[in-house]
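Colleague: Before I rely on the descriptive terms used for this protein, I should like to hear the reasoning behind them. Could you take me through the classifications?

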Amino acid sequence: MTKKVTVFKDPRKKKPWVVRWFGEYEPVTGKRKRYSRSFRRKVEAETYAAEKAVAFRQGEERDTSAEKTLKDLGDSWLSVKKGSRALRTINDYHNVIRRLTSSFGDDMPLCQITRCAAEKFIADQRSLREGKLSNWTRDKILRNCRAMFKKAVSWGWITNSPFDGVDRPSLALRDWQYLGIQEYKEVFAAAPSLPV
């Protein structure tokens, strides 16, 4: 079994220097998972590979990224953001985490969330009271999901974010609301200081 951590160059990528290692052998499937992390510079990749090799020799588990769940991401994200954000933003993050965990489950591994599942999650968002969310609110949920999963990528928990390729909700256009003469008069009666 290959235990070493390797570094190689993939010129097709934006971050061409890739560090790769294998997880432990799984007797049920007969396979090992392959993990990788990309870097812009060779020095960064070699440093990371050396640190990983030392950590594995000291007993660090090789498959830790597979064990990270939505609950882990939500807890870590909130602990990082709590001091630096306004209360309303923190409440938005709580809302998104609640929606993610109710849709996928607390114990869902991050690496098992596919782009298809992410697109379905955004499309299925509904309001708890009215049943339908505005496109602006769905877009806000998508932005928060992208930010959270991008951070999970930078922490090395997953290799790529499933929310990166998800399209923003298209805006529903409404017809103009024309005012009749009576409605026009009522508006000006209610607000006489409006300029004519």
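Modeller: The exchange below sets the computed values against the criteria, and the model is a predicted one.

Colleague: What is the overall secondary structure of the protein?

Modeller: The secondary structure comes to seven helices and three strands. Along the sequence the pattern reads β-β-β-α-α-α-α-α-α-α. Buried residues account for 33% of the 196 residues.

Colleague: Why is Ala-45 called buried?

Modeller: Buried means under 20% relative accessible area. Ala-45 has a relative accessibility of 0%, and therefore counts as buried. Ala-45 lies in helix 1, residues 42-57. Its C-alpha is 6.6 Å from that of Val-18, although the two are 27 residues apart in sequence.

Colleague: How do you know that Cys-116 is exposed, and what makes Cys-145 buried?

Modeller: The term exposed requires over 50% relative accessible area. Cys-116 is at 58%, so it counts as exposed. Cys-145, by contrast, has a relative accessible area of 0% and is therefore buried. The structure holds zero disulfides.

Colleague: What makes the contact between Arg-41 and Glu-44 a salt bridge?

Modeller: A salt bridge requires a side-chain nitrogen of Lys or Arg within 4 Å of a carboxyl oxygen of Asp or Glu. The closest N and O atoms of Arg-41 and Glu-44 are 3.5 Å apart, so the pair meets the criterion. Arg-41 is at 53% relative accessibility and hence exposed, while Glu-44, at 32%, is partly exposed. The search of the whole structure finds seven salt bridges.

Colleague: Why are Glu-46 and Lys-42 described as about one helical turn apart?

Modeller: The two residues are four apart in helix 1, which means a separation of about one helical turn. Their side chains meet in a salt bridge at 3.9 Å, N to O, and this value is within the 4 Å limit. Both partners count as partly exposed: Glu-46 is at 42% relative accessibility and Lys-42 is at 40%.

Colleague: How do you know that Lys-140 and Asp-92 form a salt bridge, and which parts does the pair tie together?

Modeller: Their closest N and O atoms are 2.8 Å apart, so the distance satisfies the 4 Å criterion. Lys-140 lies in helix 6 (residues 135-154) and Asp-92 in helix 4 (residues 87-104), so the pair ties together parts that are 48 residues apart in sequence. Lys-140 is at 17% relative accessibility, and because the cut-off for buried is under 20%, Lys-140 counts as buried.

Colleague: Which residues form the positive surface patch, and what makes Lys-15 eligible for it?

Modeller: The positive patch is formed by Lys-14, Lys-15, Arg-40 and Lys-150. A patch residue needs over 30% relative accessible area. Lys-15 has 38%, so it passes that accessibility cut-off, and it is classed as partly exposed. Lys-15 is placed in the loop between strand 1 (6-9) and strand 2 (17-22).

Colleague: Why can Val-187 belong to a nonpolar surface patch?

Modeller: Valine is among the side chains treated as nonpolar, and the accessibility cut-off is over 30%. Val-187, at 37% relative accessibility, is partly exposed and therefore passes. Together with Leu-179, Tyr-184 and Leu-194, Val-187 makes a nonpolar patch of about 360 Å². Val-187 is located in helix 7, residues 181-190.

Definitions and conventions: Residues are numbered from 1 along each chain as its sequence is written. This is a predicted model: local features need pLDDT of at least 70, side-chain atom pairs count only at pLDDT 80 or more; totals for chains, interfaces and linings use all residues. Side-chain values use heavy atoms; hydrogens and water are left out. Patches are made of residues with over 30% relative accessible area and no salt bridge: like charges are joined within 9 Å, nonpolar side chains (Val, Leu, Ile, Met, Phe, Trp, Tyr) within 5 Å. Accessible areas come from the Shrake-Rupley method with a 1.4 Å probe; for residues, only the protein chains shown count as cover. Lys and Arg count as positive and Asp and Glu as negative; His and the chain ends are not counted. The place of a charge is taken as NZ of Lys, CZ of Arg, CG of Asp or CD of Glu. Buried means under 20% relative accessible area, exposed over 50%, partly exposed in between (1.4 Å probe, protein chains only). A disulfide is a pair of cysteine sulfur atoms within 2.5 Å.
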